[in-house]
Amino acid sequence: MSVLGQMDSFRRVFPTARRNRSDLLRWLRRRPQQLAAVGFHEFALATSARVDPRLKALGEIKAAALTNCEYCLDIGSAFSRALGVSDAQLRALPTFRESSEFDDTEKLVLEFAEAITRTPAHIGEDLRRALLAEFSEAQLTELAAAIAWENHRGRLNQALGVRPSGFSESDFCVVPER
């Protein structure tokens, strides 16, 4: 999917918010430099196009499930669907290792997301070698940045009390993992 195709998925998802649209903006506008930094980072990730956006979405939604950010799960479920992740895959996230819903590359991305998100984060050499066998260094950098940024989003949203906005209200929404 091209950068324009990925941006189109954002254009389709954002207007579907049903409530609490400005929770995060209400906080970040108090610190304009933080608002600008968040906006720049979001734009940089959205316009990076070395990794299939579906794979990034899978990594991000797994991180959201592990950080237990309700807003991230709400919007992440909607974005994942817009990028082609199936509801069956979203339902199978907690048991991805045993699930036939994911191919080997998707399972590798989910394992990476889990390793980055767990505290303490630990990416073993075997996992890193497997990732570098599947992805170029540029792709792995992009994937790691996307998943790490989702960890930032989840923790920031929880710290500030950002509430779900109803992006996935009538559809399946991933639930937090313990």
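Tutor: Before we look around, one definition: two residues are in contact when they have heavy atoms within 4.5 Å. Keep in mind that this is a predicted model.

Student: Okay. What share of the contacts in the protein with a separation of 6 or more comes from residues 24 or more positions apart?

Tutor: Here that share is 77%. The count leaves out pairs with a separation under 6.

Student: And the overall layout: how many helices and strands does the secondary structure come to?

Tutor: Nine helices and zero strands. Reading along the sequence, you get α-α-α-α-α-α-α-α-α.

Student: How much of the protein is buried?

Tutor: A residue counts as buried when its relative accessible area is under 20%. By that cut-off, 45% of the 178 residues are buried.

Student: Now helix packing. Which values describe two packed helices?

Tutor: You give the angle between their axes and the distance between the axes. Take α4, residues 53-67, and α7, residues 104-117: they pack at an angle of about 40°, and their axes are 9 Å apart. Their crossing is right-handed.

Student: Which residues make the contact of α4 with α7?

Tutor: From α4, the list includes Arg 54, Leu 55, Leu 58, Ala 63 and Leu 66. From α7, it includes Glu 106, Val 109, Leu 110, Ala 113 and Glu 114. Sorted by type, the residues of this contact divide into seven nonpolar, four polar and four charged.

Student: Let's talk about rings. How many aromatic pairs does the structure hold?

Tutor: Zero. A ring can also have a charge over its face, though, and that is the case for Trp 27: Arg 30 lies over it, 5.6 Å from the ring centre.

Student: What about the backbone: which residues does a cis peptide bond join?

Tutor: For a cis bond, look at omega. The bond between Thr 119 and Pro 120 is cis, with omega about 0°. You'll find Pro 120 in the loop between α7 and α8, the latter being residues 125-134.

Student: And phi? Which residue has a positive phi although it is not a glycine?

Tutor: Look at Asn 68, with a phi of about 60°. Asn 68 is in the loop between α4 and α5, where α5 covers 70-82. Its relative accessibility is 24%, so Asn 68 counts as partly exposed.

Student: Now for pairs far apart along the chain. How far apart in space are Ala 49 and Gln 139?

Tutor: Compare the sequence gap with the C-alpha distance. Ala 49 and Gln 139 are 90 residues apart in sequence, yet 8.7 Å apart from C-alpha to C-alpha. Ala 49 sits in the loop between α3 (32-46) and α4. With a relative accessible area of 49%, Ala 49 is partly exposed.

Student: Where does Gly 161 lie?

Tutor: In the segment after α9, which spans 137-160. Gly 161 is partly exposed because its relative accessibility is 42%. Remember Trp 27, the ring under Arg 30? Gly 161 and Trp 27 are 134 residues apart along the chain, with 9.6 Å between their C-alpha atoms.

Student: Which residues does Val 175 touch?

Tutor: Setting aside residues up to four places away in sequence, Val 175 touches Ala 65 and Leu 73. Val 175 also lies in the segment after α9. Its C-alpha is 8.1 Å from that of Glu 70, a residue 105 positions away along the chain.

Note on methods
Residues numbered from 1 in each chain as written. Predicted model: local features only at pLDDT ≥ 70, side-chain atom pairs only at ≥ 80, totals over all residues. Heavy atoms only, no water. Axes fitted to C-alpha atoms, helices over the stretch in contact; angles between N-to-C directions. Helix = DSSP H or I, 4+ residues; strand = E, 2+ residues; numbered from the N terminus. Left-handed = near helix turned anticlockwise from the far one by under 90°. Nonpolar A, V, L, I, M, F, W, Y, C, P; charged D, E, K, R; others polar. Phe/Tyr/Trp six-rings, centres within 6.5 Å; stacked < 30°, edge-to-face > 60°. Lys NZ or Arg CZ within 6 Å of the ring centre and 35° of its normal. Buried < 20%, exposed > 50% of the residue type's maximum accessible area, 1.4 Å probe, protein only.
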